[in-house]
Amino acid sequence: PMPVIFDTDPGIDDAMALYLLARHPALDLRAVTTVFGNASIEVTSRNGQLLAAMFGQQVPVAAGAAGPLHAHAEREFSVHVHGDDGVGGMAALLEAEVPPLDARPAYQLICDMVNAEPGAITLIAVGPLTNLALALRHDPSIVAKVHRVIVMGGAFGTAARCGNVTPVAEANIINDPEAADLVFSADWPVVIVGLDVTHETVMSEAYLSSLQGRGGVVGDFIWKATRHYQDFYQACAGIDGIYAHDASAIAYAIEPEAFTLRSGPVRVVTDGIARGQTIQDFRKLSLAQTPWSGCPAQQVCIGVQAERVLALFEQAF
Ligand code: BDR
Ligand code: CA
């Protein structure tokens, strides 16, 4: 199985992604690292600890960044989407006893594990990319030692897909555009699973309700935790269900053939009205110097067989 460090801001869809990761035999969860995003770092870390325990994962959980790389950057928590407790008001359904946190900050745990097994670890990041950027800064040699980075984030405007915070920016990227730009420009292989594909995969109300009573208490937890999330999507996107954002990154790790990729360097807009926009240079031209020159080609998902992602998640139950 593929050894994975899961970097996350739980988060309802983060919880669902962690469940798929914990359950699938092709993946071997080695650690959970947490980051601010859907809620404060205190809340996302506690959820990370409780969810890992609920899903039977005895792995280190290390708390990471409380805010973006640049202290002056705006910090917003998506509590209107995920609830004050990050899990749609259902935190009480998680285990009462909180397992201890790893003593290291998230970036240190990432560097230690990557250095201990060069070439082996896949980093799957489904929150703001601050911890990965801090790890890169702390030990730039990890770029050559990470097997692959899989990121849920960004919106590339394919198939009329746009941002979910601004017309061009997706939440994980706009929460720390400077960090995302560092991660995408670094010379390690990155696959980006953004809104272009996650908006194609809708977990309908019928699908979610069919999970109730399955997976021990997990199906019920997911049904209850998604009530708040569904209200949000109903009101703002008019869909009768939820988008499978973070679980899509896990699905990519398991079944990459279900996705269509496009290759080219990726940069993030860090200034002005388009702050947080992700742009890939997929032209096959070699032009003079551009802000994309010298950046390695990364892979952006531009198509998905949604039914395969939905089937994978359901099979986890
Ligand atoms: C992303 O933002 C967060 O709210 C979700 O957990 C997901 O990672 C979707 O834009
Ligand atoms: Ca997330």
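Me: Does T34 count as buried or exposed?
Reply: T34 has 30 C-beta neighbours inside 10 Å. A residue is buried at 20 or more other C-beta atoms within 10 Å of its own, exposed at 12 or fewer and partly exposed in between, with C-beta atoms placed from the backbone. T34 therefore counts as buried.

Me: What kind of model is this?
Reply: Residues are numbered from 1 along each chain as its sequence is written, while chains are lettered from A and ligands numbered from 1 in the order written. Local features need pLDDT of at least 70, side-chain atom pairs count only at pLDDT 80 or more, and totals for chains, interfaces and linings use all residues, since the model is predicted.

Me: Which residue, 31 residues from T34 along the chain, has its C-alpha atom 7.6 Å from that of T34?
Reply: T34 belongs to strand 2 (residues 27-34); strands (E, at least two residues) and helices (H or I, at least four) are DSSP runs numbered from the N terminus. T34 touches, among others, T8, V61, A63 and A106 (C-beta atoms within 7 Å, residues up to four places away not counted). The C-alpha atom lying 7.6 Å from that of T34 is that of A65.

Me: Which helix joins strand 4 to strand 5 in the crossover?
Reply: Strand 4 (residues 122-125) and strand 5 run parallel and are joined by four bridges, where DSSP pairing requires at least two. T122 has R148 of strand 5 as its bridge partner. The β-α-β crossover is right-handed (clockwise from first strand over helix to second, with the strands pointing away from the viewer). The chain passes between these strands through helix 5 (residues 130-138).

Me: Why is strand 5 largely enclosed, and how many of its residues are buried?
Reply: Strand 5 (residues 148-152) is largely enclosed by the rest of the structure because most of its residues are buried. On strand 6 (residues 190-193), which runs parallel to strand 5 with four bridges, I192 is the bridge partner of V151. The buried count in strand 5 is four of the five residues.

Me: Which residues come nearest to ligand 1?
Reply: The shell of 15 residues (C-beta atom within 6 Å of the ligand) receives two or more residues from each of helix 1 (12-23), helix 6 (171-174) and helix 11 (245-254). Those that come nearest are G11, D13, V126, A171 and H245.

Me: What percentage of the residues of the protein count as buried?
Reply: The secondary structure comprises 12 helices and 12 strands. The C-alpha trace spans about 60 × 45 × 40 Å along its principal axes. Of the 317 residues, the proportion that count as buried is 51%.

How values were computed
Two residues are in contact if their C-beta atoms, placed from the backbone, lie within 7 Å.
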